[in-house]
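This report looks at the arrangement of strands and helices in one chain and at the surface that two chains share.

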There are 2 protein chains.
Amino acid sequence: MTAGVAALADQLARGETTSAALTETFLARIAERDKSINSFITVTGELARNAAAESDRRRAAKMARGPLDGVPIALKDNIDLAGVPTTAGIEARRKRVSATDAPVTARLKAAGAVILGKLNMHEGAHGATTANEAYGFCHNPDRRGFTPGGSSGGSGAAVAAGLCAAALGTDTLGSIRIPSSFCGIAGLKPTRGLVSARGVVPLAWSLDHVGPMAPKAADLSLMLEVIAGRDSADSYSAHTPAPINFALEGLSSLKGLRLGRVAIDGTVDPDVASGYEAALALLTRLGAEIVAADLDGFDHAQLRSKALLVIEADLALIHAEDLEKSPAGFTQIFRDGIEFGVKQSAPKLAAAYEAIRAVGPIAARLFASVDALVTPTTPVPAFSFEQPMPKTITAFTAFANYAGAPAVSVPMGFTKDRLPMGLQVTGRPFADMTALRIAAAYEQAAGWDMRPAD
Amino acid sequence: MTAGVAALADQLARGETTSAALTETFLARIAERDKSINSFITVTGELARNAAAESDRRRAAKMARGPLDGVPIALKDNIDLAGVPTTAGIEARRKRVSATDAPVTARLKAAGAVILGKLNMHEGAHGATTANEAYGFCHNPDRRGFTPGGSSGGSGAAVAAGLCAAALGTDTLGSIRIPSSFCGIAGLKPTRGLVSARGVVPLAWSLDHVGPMAPKAADLSLMLEVIAGRDSADSYSAHTPAPINFALEGLSSLKGLRLGRVAIDGTVDPDVASGYEAALALLTRLGAEIVAADLDGFDHAQLRSKALLVIEADLALIHAEDLEKSPAGFTQIFRDGIEFGVKQSAPKLAAAYEAIRAVGPIAARLFASVDALVTPTTPVPAFSFEQPMPKTITAFTAFANYAGAPAVSVPMGFTKDRLPMGLQVTGRPFADMTALRIAAAYEQAAGWDMRPAD
């Protein structure tokens, strides 16, 4: 498995390497391997080398800022990095250079992280394959011609291919966790409001989240600690409670924890179904009590159409100027989606909002009886670009977006066909660390080696 | 001033009266005085007498349940009381008997409160005059022919006229605080989610709040302690944090508190403007530091049109069946409002939601620099039913609904024409008790005697 934030931070702390050396290694890998993967839209080599040199000077002066200092990471291309375009995977935004850093970018820079560049994504984050026509399809590092998932497909692929130690993604219905599952890495959608979503090209204001993607749960924890925190200028982050304890203690026993499981139906791939049963058995051996989750009233298919309306209506506003000025800068399918939203009535959207809000009480009831919900991350593994995206792709992930709850995906082994699978742990709002601890305990006990080390 | 919850609870505790005696007194007053005020839509005399008798038996057995046990109160007629119609002030709902109690009603009953009946309101809560064509205009107890405010006009008038010790109202843009101001009583819109809004006919799901109205701030505190609490089946209440401390300690000094004030423009009645300056001077004498509130970016007029769209879109859904089956059961103006909402596009509503969400960061910035915001409750006092409702009526109140913040109105004396005025204290979300303590300190120091005692 590729070295992540925690491993590289250790190497830097022990003086076994320098940020400059790591940065050159990653840049060289990008130059070599990304030709066939296409996970980067922009590589910021000069910025990265300068940041690495500064980090090494700080470290030499015993003034390193923390675990992330000098660690090379990358950003999904809908997150602002000053001086570099924020394309959001949209042709019309190809030259849209951001003047400022998003608050999450500024937090990473302040922690000393080295930004390697900006990552490919599904057009406007509106889709889950990263079959991007403007910037090129991003391929699954495990199988060329297959999707890495999306919309944060570049983030998943780059981390899995060892092109960065971690990446930021964004997640509206599953866009961090789906590529994490498809690429065999770990990814966290934090509690709504825990991480600022300002300076990020939105998909749907009320459902968008920014979060980390990395090889291991421990890496996610180190990333979360840096990017989390109240942003008084962000609608959802402005009232976030005081900081939480981000220490990811080794949780070898899950004794005393009740985990909710879901029933598996015919829409779930048989390998995913048996992988899930094996994961539940392992969680039981770790001491957890597994019970049937009470999700009565949660109807994924019905809510999906409501969420899509919320997305289309927001997109019409978010890209209004570009759609007006350069309609050819969007794909037909993207424009069609927005056209659909424009034609709907206000009460229809009001009904969609109310249906999504009603998931809050379902989550409250669920978390009154279990400490976390454990599901497959996706019902199917990665698929060929020639296949259509299944409508069930967000069946397990979207619940956390509706509920504002934290959800982490970690590798759950491989299908018989050697495609990665993911296990998702969804926690109570603001219990991000509980979800991460459960995922880390599973990860450690399962010991999946998703990919040969570099 | 009419005796409120605190005063009557003391009398009951000392054995100076019984719940049965109080209930008969209030029922007799209703029979006599409400002929000219018209604050009640339904008087539940038998239910009240039975509840009073039970309360007196409990008290005789030393098993009284707390301060509210045996105290006669009343409910706005959009709040469910089992076995009684919930008209919401709408003709089409005249016979809509509720099978169950709303959670707030159940909480009041469980605390031993005696429910005297259901109170008049603006049709569907969609308006602020309580000039109700179906159930009759509700008149201001201080001046017949003048509005008591609204939409909780019956609640304001009934409390002011001594027809109940306290009432519940609902508040979407100011509907608790406007009638509190117009009738010379105290009223609280709690933090969003602190009090369940289930079992209440909605006006706009994302802006509705239930709260108490009573003679004094201390009464509001006693009521809030009973009605507040997580309701896991309510979208906003499901994730409410642990209970807060409801004790309203005598806060005679406001030393150390920074209060934000607003600039007064020409839309504010001159008597309200001078009353506000006098109130600020008194707050200063009590030790508070008064500073100019930073509300940059808050545009009441612009947000009002956004909020009205949210309301119209929700109303179209909430009353869809009745509008279809009995359109004549609504006034033309109510139907016109809904018709407007139905004609708007989904993106227009999405923009309204986003504009309202953007008030969150404005509030966060404000409350980073002050402990509370102090404003007049309404820019004008009560007006004749022959006058149109000024568009600025919610200019000071709606901010708290957008921000989800608690806001309390207490009497601020009279205009030269002897009409009551109100002072509003808006606090940080979940700092309901801070807002109430500031209001109580002002109330005590100002000593306004709004009305002769009964």
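The paragraphs below take the sheet of chain B, then the contact between the chains.

This is a predicted model, in which local features need pLDDT of at least 70 and side-chain atom pairs count only at pLDDT 80 or more, whereas totals for chains, interfaces and linings use all residues. Residues are numbered from 1 along each chain as its sequence is written, and chains are lettered from A and ligands numbered from 1 in the order in which they are written.

In chain B, 11 strands (DSSP runs of E, at least two residues) form an open sheet of mixed pairing in the order β1-β3-β2-β4-β6-β5-β10-β11-β9-β7-β8. Strands count as paired if DSSP finds at least two bridges between them; β1 (40-43) and β8 of chain B are the edge strands, each pairing on one side only.

Three of the pairings are set out here.

| Strand pair | Sense | Bridges | Residues opposite each other |
|---|---|---|---|
| β7(B) (258-261) and β8(B) (289-292) | parallel | four bridges | L259(B) and I290(B) |
| β7(B) and β9(B) (372-376) | parallel | three bridges | L259(B) and A372(B) |
| β9(B) and β11(B) (420-427) | antiparallel | five bridges | L373(B) and T426(B) |

Turning to the contact between the chains, 31 residues of chain A touch 31 residues of chain B, where contact requires C-beta atoms, placed from the backbone, to lie within 7 Å. On the chain A side, α12(A), a helix (a DSSP run of H or I, at least four residues), gives the most, with eight residues.

Technical notes. Two residues are in contact if their C-beta atoms, placed from the backbone, lie within 7 Å.
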